[in-house]
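Please open the model in the viewer and keep the sequence panel beside it. The tour proceeds by selections, each followed by a description of what is found there.

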Amino acid sequence: MIQPDQSALIARNRLLAMFLLLCVLDVVLVVIARDRWAIGRILLTVIVMYFVIQGRKWAKWLLLCTCSLLVVILIGMVLLLSSKLSTTLIFGSLIMAALSTVIAIYIVTSKDLNRYFSY
C-alpha cells in the first residue's frame, strides 16, 4: 500500500484544523441559541469528516456540499432574521459562513489535498 506524501498529509491536517475550528464555533453558537436540534447536524457533520480523514472521495464531496449549503443557509438566516437575532449570533453566523467558504474553496483548489484523496 502506497502512503501519502508529507505535503498531502499537511493538507489533510489543515483541513482538519479548519473543520475543528468550525465545529467549535458551531457548538458555541448552538449553546448561545439554545438550539438542541442542531446537535444532530453537528454530529452528522463530524461523522462525514471522519470519513474525509480516512480519504473517502464520496465524503469529500458530501462535506463540500454541506459547507456550501451551510453558507447559503447562514447568510439567508442573517438576512431574513437579523432583527430577531442577537449581535453575537449574527457575527458568529457570518464567521461560520466565511469559514465554510474557505473550507469549500480549499477542498476544491488544493492540489495536495486532491493528492491525499488519490491514495
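Begin with the whole chain displayed. Of the 119 residues of the protein, 37% count as buried. The model is a predicted one. Colouring by secondary structure reveals five helices and zero strands, and from the N terminus the order of elements reads α-α-α-α-α. Along the principal axes, the C-alpha atoms fill a box of roughly 55 × 25 × 20 Å. If contacts are restricted to residues at least 6 apart in sequence, 70% of them join residues at least 24 apart.

**Selection 1: Gln 6 and Trp 58**

Select Gln 6, which is placed in helix 1. Is Gln 6 buried or exposed? Gln 6 is exposed, because its relative accessible area is 56%, and the cut-off for that class is over 50%. Next, add Trp 58 and display the C-alpha separation: the two residues are 52 residues apart along the chain, and their C-alpha atoms are separated by 23 Å.

**Selection 2: helix 1 against helix 4**

Select residues 6-33 for helix 1 and residues 87-109 for helix 4. The two helices pack at an angle of about 160°, and their axes lie 10 Å apart. Helix 1 is therefore roughly antiparallel to helix 4, since angles over 145 degrees fall in that class. Their crossing is left-handed. To display the contact, show side chains on both helices. Helix 1 contributes residues including Ala 11, Leu 15, Met 18, Phe 19, Leu 22, Leu 25 and Leu 29, while those from helix 4 include Leu 89, Gly 92, Ser 93, Met 96, Leu 99, Ile 103 and Tyr 106. Arg 14 and Asp 26 of helix 1 also take part. Divided by class, this contact has 18 nonpolar, four polar and two charged residues.

**Selection 3: helix 3 against helix 4**

Keep helix 4 and replace helix 1 by helix 3, residues 57-81. Here the packing angle is about 150°, with the axes 9 Å apart. This angle makes helix 3 roughly antiparallel to helix 4, and the crossing is left-handed. On the helix 3 side, the participants include Lys 60, Leu 63, Leu 64, Cys 67, Val 71, Leu 74, Met 77 and Val 78; on the helix 4 side, they include Ile 90, Ser 93, Leu 94, Ala 97, Ser 100, Ala 104 and Val 108. The contact of helix 3 with helix 4 comprises 17 nonpolar residues, four polar residues and one charged residue.

**Selection 4: Ser 93**

Centre the view on Ser 93, located in helix 4. Ser 93 counts as buried because its relative accessibility is 4%, and the limit for buried is under 20%. Which residues does Ser 93 touch, leaving aside its neighbours within four places in sequence? The residues in contact are Leu 29, Leu 74, Met 77 and Val 78. Leu 29 belongs to the helix 1 side of the contact with helix 4, whereas Leu 74, Met 77 and Val 78 belong to the helix 3 side. Ser 93 is listed in the contact with helix 1 and in the contact with helix 3.

**Selection 5: Ser 110**

Finally, move to Ser 110, in the loop between helix 4 and helix 5 (111-118). With a relative accessibility of 10%, Ser 110 counts as buried. Show its side chain together with the backbone of Leu 113: the side chain of Ser 110 reaches the backbone nitrogen of Leu 113 at 3.1 Å.

Terms used:
Residues are numbered from 1 along each chain as its sequence is written. This is a predicted model: local features need pLDDT of at least 70, side-chain atom pairs count only at pLDDT 80 or more; totals for chains, interfaces and linings use all residues. Side-chain values use heavy atoms; hydrogens and water are left out. Buried means under 20% relative accessible area, exposed over 50%, partly exposed in between (1.4 Å probe, protein chains only). Contact means heavy atoms within 4.5 Å. Axes are lines fitted to C-alpha atoms, for helices over the stretch in contact, and angles run from 0 to 180 degrees between N-to-C directions. Angles under 35 degrees count as roughly parallel, over 145 as roughly antiparallel, 65 to 115 as roughly perpendicular and the rest as oblique. A crossing is left-handed if the near helix is turned anticlockwise from the far one by less than a right angle, and right-handed if clockwise. Ala, Val, Leu, Ile, Met, Phe, Trp, Tyr, Cys and Pro count as nonpolar, Asp, Glu, Lys and Arg as charged, and the others, Gly among them, as polar. A polar contact is a pair of N or O atoms within 3.5 Å; within protein, one must be able to donate a hydrogen and the other to accept it, and residues adjacent in sequence count only if both atoms are side-chain atoms.
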